[in-house]
Structure formats: C-alpha cells, structure tokens
Amino acid sequence: MKKRIVRLCIGAAVFAGAVVSAFLPLENAVLQWVRLVLFLAAYLIVGYKVIWKAVRNIAGGKVFDENFLMAVASIGAFFVGDYPEAVAVMLFYQVGELFEDYAVGRSRKNIADLMNIRPDSANLKVGDEIRQVDPAEVSVGDVILVRPGEKIPLDGRVLEGDSLVDTAALTGESVPREAGCGTEVLSGCINLSGVLTIEVSKPFGESTVSKILDLVENATMKKARTENFITRFAAVYTPVVVLAAVVLAVVPPLVIPGAVFSDWLYRALNFLVVSCPCALVISVPLSFFGGIGGASRAGVLVKGSNYLEAMASAQCVVMDKTGTLTRGVFEVERICPAEGFTKEQLLECAALAESYSSHPISASLKRAWEAAAEKVGRSGEIDSARVHDVEEISGHGVKAAVDLAGAGTGTGQEGSLEVAAGNDKLMKMMQLTPSADEIAGTAVHVAIGGRYAGYIIIADQLKEDAAEAVAALKKRRIRTVMLTGDSKAAGEAAASVLGIDQAYTELLPGDKVDKVEELLQELDAECADGAVNEADGAVNEADGAVNEADGSADGDGAKRKGKLVFVGDGINDAPVLARADVGIAMGGLGSDAAIEAADIVIMNDEPSKIALIMDISRRTMSIVRQNIVFALGIKALVLVLSAVGLANMWAAVFADVGVSMLAILNSFRAMQVKQK
C-alpha cells in the first residue's frame, strides 16, 4: 500500500509539472516534445499496471473488464491530443482503486479481528515439565496450562484453578465469565486472571476456534442472488457498451454531414470511461461483506451473504422452546403438598428419593432442597446413608426406602418408609390418585408410605431476554410461532407469557418438520393471493422501507417472497433447520451441531439477537439497493450526456471514480452495528 501511494504521488508530481508547462509560452518544438514526454512519463508511472493487466487479460481471453476500458479510453485521449485528460483519467482511476482496496481492508477488519482468536501455541504439561507446542500436536486427554493473558488454545475441562475468561471474541459480550474446577472452557477465549490447568476434550481440528475460523473464512463463498446478478450484469453490460462506443465513434461521422471524427471519437472515449462498472462490482459485495463482518463483531456468525439477504425478507420466525427461548435448566417452580403434608416434607422426601439419579429433574429437586434447608439453618447436603433399595422404573419414576428420622413427615411412623417420585403413571401403578389440577410444567408426583403426598412442578426457566426478543420481532411485524415437545399446558403457558402468536405442543422431531412444511405452504398461499400486497410493497419501496420482501435471496429461484426462519438449539432440530429458508442455531458457545447444521449461529444463545441480525440484513439490503440505483442512475445520465457531446472527460471521471468512491463510502455503513 505504501509503495502504491509513493508511486501515485510521484506520478501526480510529474503530471503537475506537465500541466504547469502547458501554460508556459513554450513554442519551441523541442520543448513541446519535453511536455509530451512529461505527460507520457506521468501516464506510465501512474497507469502501467492497468495497461499490463489489460494486455494480460486479453491474452487470457478476458477482454471486457475495467482495465481494458480504462486503457482504451486513456490511450485514445492521447491520440486525439487530450494529454491532461488522458493522465487525469488514469490517475483518478488509480486513486479510486487505492481507495477501494483500503475500503475492502476496512470491511475485513472485523473478521480479521476475529481471526486473532487463533492460538499460536499451547503449554503442554508432561509430568512436571511444561512444553510449548503447536496446538495441532496436542491430543485429547492431554493436560495444558493456560496462564493469565493467554488464549485458551483448545476446548477442554478445567482440572485446577479459578479465573475469569473473556469470551468477547466468540460471543460479542464484554462481561467476563467465571471458570473453575469442572468448568468447560472453549478455545479462542482469553484467560484474564488465574492460572488454569485444563484437560483437552477435542483435537485442534475439531475445536471451537477451528470451526469458527473455517466458518468465517468461507462466509463470502456463498453469494447472494443480488451479487450473482451484478456479476452476470457486468459480464453482459461491458461488451455492450464497448460495441456502443465503437458505433458512436464510427457511424455519426459517416452519416452526419460535417461531423468530425475526432469529436465523436472523444465522445466515445468518454462513453467508455463512464461505462466502467466498478461502482457496482465493488460496492455490492463490499456491502454484504460489511454486514457479515458487523454481525460477527456482535457475536452472530453468518455463513454466506445469501442468508443475510434472505433474512431481510423474513415474514415468519418459528422457534423451538427448550434451549432457544428457555435456558434448558430445570428449576422447582411450585410445591403443592396434599393434605397432611408440608412443602418442606414433600421436597425433602422427593430430593432423597431422586438423590441417586443424574436426570436434570432430579438435579433440580436436589438444588431446591439444598437452598430451602440453608434458609432455615439446616444442612442441605444429601445424606446417601438415608437412602437404600433404590428402584428406577423406566418411563415412570423412582422408588426408594428412605430413612425419615428427623424429616418430620407427619406420618406418625419412624424408620424407613417407601418414597415414590415420578409421573402420574407411577401413582396410578401404585393405585393412588394423583392431583387432577391442570399443571403448566413437568409435575413430579410423590407418595410417602403408600399415601399420595402431593406434587412438585418443575419448569424450564425462560431466558432473560426471551420476552424482549419476541416483542422486538412483533414490532417488526414478524409472525412468531413456537414448536415444542412439551405438554400443551406448559407450552401454551410459555407462549402466553412471551406473547407468541401461535404455539404447537407435544411434537416429536418429525412433527416439527411437518409443521414447518405447513407454514411454508401458508406463505406460498399468501404469495399467490398477494397482488394487493405487491402494490403495497411498491409503495413501501418508494418510501425507502427496508421491510419490503425481496424474495430473490434464496438460491432455489422460488417465487415466494416472504421467508421462514427457524431458530433452534442446533442439536435436536437439525432436520427443521435444514428445511427452513434460513436456519438459526443457538450456538451454545460453539455447539458442534449448531455450527454444522445452521445457516446463522448466535454464539451467546441470546434470542434477542434474532431481531439484531434481521436489522443488519435489512440495513445491508437497503445499502445495496441504494448503491445500485445511484451508480446506474448517474452512469446512465452521463452516458447520455457523453453521447450528445455535453459531458467532457472530467465528468466521465466523476461518473466512474467519483461514483465508486461515494458508493464505497455508503457501503461502510453496513459495518456499523448498533447494540443495546
């Protein structure tokens, strides 16, 4: 870059000297030749690379490109005696190219910053010795040491140490996370405080950092249909305008009396300069690249500009419940004892009976008992000696003999009693009648000593920003649908709290695919009946509304404009993610299944990022449309003026280089992402 700047400065200085000499009264033939040599030297210093590229491309069969247009136009200007214009065209074109390269570099900066998460080395612990090795040489099960300030090179589990970990490169969050013994940590994060000893769980090639880098590096490979259109347009447009320039130079002098060939040749040269499609070829991909880069900085990874384009046309967002709108962590929500029992008795007996199980529901009961016991000054630690003869009944629950001494069950019996905890099927199997209440959540029914003791409601907790995410989508007039395998009561209760338009419950994975198919058919039907909507969309587009459904984004050529977006956790929802127009996965800080299955990955699991990526996509598409209309409009105007002789070479330079610069400056806006 520095060499190019120096070369252009030298060329500009020689050009300035040549221009000054043109205003001096130099009539001597030798001095005239000196002036010509100065202009020619400035031209070659500034534009030799363009001429060489044009010659090389012609030899390779690629004739009609911007290098060919600029070379022909500037050399032609020399032949008609317009030396200053010839050098100026090439100088400003090269300045524009320099500016474009700088713009591309700036647009890549966000992604380049993300590339800095690649670790340089790993501190491998071998006995008492620490060896610095390449991360690719570390195997699963090896132990590595990560000191404060170092990047975590591989995914693993903390064996020793406590620290704060900066996950900003992966999630876009500035708040560090705590990491201690037993915590799963991911490669690419930065250890901020204490020394961590980590057991490696994945080889480097399968680690989070490798997958993310591969994803980002290939993000621009999948082009949006707008980009593909611009590429095809330029391939047809360039030879057409070259042919038009030849006709403009040759035909009028032959058919118009008194027409001077040199005048029409000058007009044709202007025509060639104006026709260069640089503004479109550079600014449109640059806008998409800026949008992808801005999204990655916000912790949202987009696998291609085609998905970014499709998100701008989203009409319906379908969301899974568990792991998407909820945290996937079960908590005790309500304790409902039967007559003769207390909440404390019910919770303690259930926690003891479930103490040998590793099921998430069992873990939630144990956590709830520990918290309740600590509140009244008792030890919440489960005493395994109080539990024996445990019997797990598949699909029903668990039975166990529990020592109730000190539990104060109110049963009037001391010693061990049978405690059963499970679903209503278990109660019926024991010939007990469970509560008939309508329960919004998972109910654990409990029997103590053969008596029905009540039930405990376990519910998956909604994410803090779930309601905000749904509200943001509704504000953007997006239809929201929830699909879940939960019970009708639990699913509808969550949908009601969040304000979701429709909820389908008790679904198997295959049922979810069927529901998505139905929703897609509904969108197709809306499109078929959408003549009025088309008129409304035209008005919206005229008003600059980005919400206009530009359905050309998907690669299957479908006529349906409104897109269906599915948001899931990327593990159980792979078939639905694949079927939707755009699949968004909650990355779970780098879930393998999420990165593989989805088109877009939200790295910090926040559903509120759905609206953010929608805003980024709409803003990007708005900028793309602005650049296309601006570039084609100005070029068309100056092309007409050039053809009728009302525009000189300087106007042609503005229509090419000036328009390109303005379009690129506008493209920079796509990189600006506003987060709350």
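I will walk through the fold of this protein chain, its sheets and cores, and then two individual residues.

Please keep in mind that this is a predicted model, in which local features need pLDDT of at least 70 and side-chain atom pairs count only at pLDDT 80 or more, while totals for chains, interfaces and linings use all residues. Residues are numbered from 1 along each chain as its sequence is written, and side-chain values use heavy atoms, with hydrogens and water left out.

Let me begin with the whole chain. The protein chain holds 22 helices and 22 strands, these being DSSP runs of H or I with at least four residues for helices and of E with at least two for strands, numbered from the N terminus. Of its 676 residues, 50% are buried, where buried means under 20% relative accessible area, exposed means over 50%, and partly exposed lies in between, with a 1.4 Å probe and protein chains only. Among contacts with a separation of 6 or more, 68% are between residues 24 or more positions apart, a contact being heavy atoms within 4.5 Å.

Now to the sheet. Seven strands make an open sheet of mixed pairing, in the order E10-E22-E21-E20-E11-E18-E19, and two strands are said to pair if DSSP finds at least two bridges between them. Strand E10 (300-302) and strand E19 (502-504) stand at the edges with a single partner strand each, so one side of each has no neighbour in the sheet. On average, neighbouring strands here are turned by 20 degrees against each other, direction ignored; axes are lines fitted to C-alpha atoms, for helices over the stretch in contact, and angles run from 0 to 180 degrees between N-to-C directions. At the E19 edge, strand E18 (residues 479-483) pairs with E19 in the parallel sense over three bridges, and Leu483 has Tyr504 as its bridge partner in E19. Helix H21 (residues 609-643) lies across E10, E11, E20, E21 and E22, running at about 155 degrees to E11.

What about the interior? The largest nonpolar core has 42 residues, of which Phe15, Val87 and Met649 touch the most other members; such a core is a set of buried Ala, Val, Leu, Ile, Met, Phe, Trp, Tyr and Cys residues joined through side-chain atoms within 4.5 Å. Elements giving two or more residues to this core include helix H1 (2-22), helix H4 (83-107) and H21. Apart from this core lies another, of 41 residues, with Val284 and Val624 among them. Val87, leaving aside neighbours within four places in sequence, contacts Phe15, Phe39, Ala42, Tyr43 and Phe78.

Elsewhere, strand E3 (143-146) runs antiparallel to strand E1 (residues 122-126), joined by three bridges, and antiparallel to strand E9 (residues 196-200), joined by four. Val143 stands opposite Glu199 in E9.

In the loop between E3 and strand E4 (156-160) we find Asp155, and is this residue buried or exposed? Asp155 counts as buried because its relative accessibility is 2%. Its side chain reaches the backbone nitrogen of Ser187 at 2.8 Å, and among the residues that Asp155 touches, beyond four places away in sequence, are Glu199 and Val200.

My last residue is Pro337, in strand E12 (residues 326-337), which is partly exposed with a relative accessible area of 30%. The C-alpha atoms of Pro337 and Ile456 are separated by 8.0 Å, although these residues are 119 apart along the chain.

Terms used
A polar contact is a pair of N or O atoms within 3.5 Å; within protein, one must be able to donate a hydrogen and the other to accept it, and residues adjacent in sequence count only if both atoms are side-chain atoms.
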